[in-house]
Amino acid sequence: MARTLENLLGDHVIRQNGEKVQISSLCGKDRVIGIYFSAEWCPPCKGFTPKLVEFYNKLKASDQSLKIEVVFVSWDKDEHAFTEYFGTMPWLALPFGIDKKVILILS
């Protein structure tokens, strides 16, 4: 089986407002997609996330045509922690509750 982003992540990710974004819309020539594994309970993650947000925002502001996206994959223990932590991020996320072990095995 070909290892595509849809094979790894499923057919959609979400915005903070819950809107679904089709994975296929993120793929294509000259596109870069970063997959960010993190969790609210992890001190190093919580220290790194604001730095990544700042870098991401500067990068996006510097070139509006830049085809880069980040997808947050949560290791949070409950949906409330996921929602709170995802609320600090300007990018997309895999919906809470998706089995992340499959992503690690296939990637």
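User: Quick one to start. Is Glu40 buried, partly exposed or exposed?

Analyst: Glu40 counts as partly exposed, because its relative accessibility is 29%. Keep in mind that this is a predicted model.

User: What does Glu40 form a salt bridge with?

Analyst: Its partner is Lys46. The closest N and O atoms are 3.4 Å apart. Lys46 has 41% relative accessibility, so Lys46 is partly exposed too.

User: How many salt bridges does a search of the whole structure find?

Analyst: Three. Besides Glu40 with Lys46, Arg15 meets Glu19 at 3.4 Å, N to O. Lys58 also pairs with Glu54, with the closest N and O atoms 3.1 Å apart.

User: Why can side chains of opposite charge pair?

Analyst: They can do so when their charged atoms come close.

User: Take Lys58 and Glu54. How are they separated in helix H2?

Analyst: By about one helical turn, because they are four residues apart in H2.

User: And are those two buried or exposed?

Analyst: Lys58 counts as exposed, at 55% relative accessibility. Glu54 is partly exposed, with a relative accessible area of 44%.

User: What about Arg15 and Glu19, buried or exposed?

Analyst: Arg15 is partly exposed at 39%. Glu19 is partly exposed at 38%.

User: Switching topic. What's the overall layout, helices and strands?

Analyst: Four helices and five strands. Along the sequence the pattern reads α-β-β-β-α-β-α-β-α.

User: How much of the protein counts as buried?

Analyst: 35% of its 107 residues.

User: And the contacts between residues at least 6 apart, how many join residues at least 24 apart?

Analyst: 57% of them.

User: Let's do the strands. What joins S3 to S4?

Analyst: Seven bridges, and the two strands run parallel. S3 covers residues 32-38. One pairing to look at is Gly34, whose bridge partner in S4 is Val70.

User: And what joins S4 to S5?

Analyst: Two bridges, again with the strands parallel. S5 is residues 92-93. There, Leu92 is the bridge partner of Val71.

User: Which elements make β-α-β units?

Analyst: S3, H2 and S4 make one, and it is right-handed. S4, H3 and S5 make a right-handed unit as well.

User: Is S4 largely enclosed or open?

Analyst: Largely enclosed by the rest of the structure, because six of its seven residues are buried.

User: Now H2. Which of its residues are buried?

Analyst: Cys45, Thr49, Leu52, Val53 and Tyr56.

User: What covers them?

Analyst: The cover includes S3, S4 and H3.

User: What span should H2 have, and how far apart are its ends?

Analyst: At 1.5 Å a residue, its 20 residues should span 28 Å. The end C-alpha atoms are 30 Å apart, which agrees.

User: On to the core. How many residues does the largest nonpolar one have?

Analyst: It has 16. Tyr36, Phe72, Phe86, Met89 and Trp91 have the most contacts inside it.

User: Which elements give two or more residues to it?

Analyst: H2 (43-62), S4 (68-74) and H3 (79-86). H2 gives the most, with four residues.

User: Any other core? What does the second one include?

Analyst: There is a second, separate core of 10 residues. Among them are Leu8, Val13, Val21 and Leu26.

User: What tends to happen to nonpolar side chains in soluble globular proteins?

Analyst: They tend to be buried together.

User: Back to Tyr36. What is it in contact with, leaving aside neighbours within four places in sequence?

Analyst: Its contacts include Cys45, Phe48, Thr49 and Leu52. Val70, Val71, Phe72 and Val73 are also on the list. So are Tyr85, Met89 and Trp91.

User: Last residue, His80. Where is it, and is it buried or exposed?

Analyst: His80 is in helix H3. It counts as exposed, because its relative accessibility is 56%.

User: What separates the C-alpha atoms of His80 and Phe96?

Analyst: 9.6 Å. Along the chain the two are 16 residues apart.

How values were computed:
Residues numbered from 1 in each chain as written. Predicted model: local features only at pLDDT ≥ 70, side-chain atom pairs only at ≥ 80, totals over all residues. Heavy atoms only, no water. Core = buried A, V, L, I, M, F, W, Y, C linked by side-chain atoms within 4.5 Å. Buried < 20%, exposed > 50% of the residue type's maximum accessible area, 1.4 Å probe, protein only. Contact = heavy atoms within 4.5 Å. Salt bridge = Lys/Arg side-chain N within 4 Å of Asp/Glu carboxyl O. Pairing = 2+ DSSP bridges. Right-handed = clockwise from strand over helix to strand, strands pointing away. Expected span 1.5 Å × (residues − 1).
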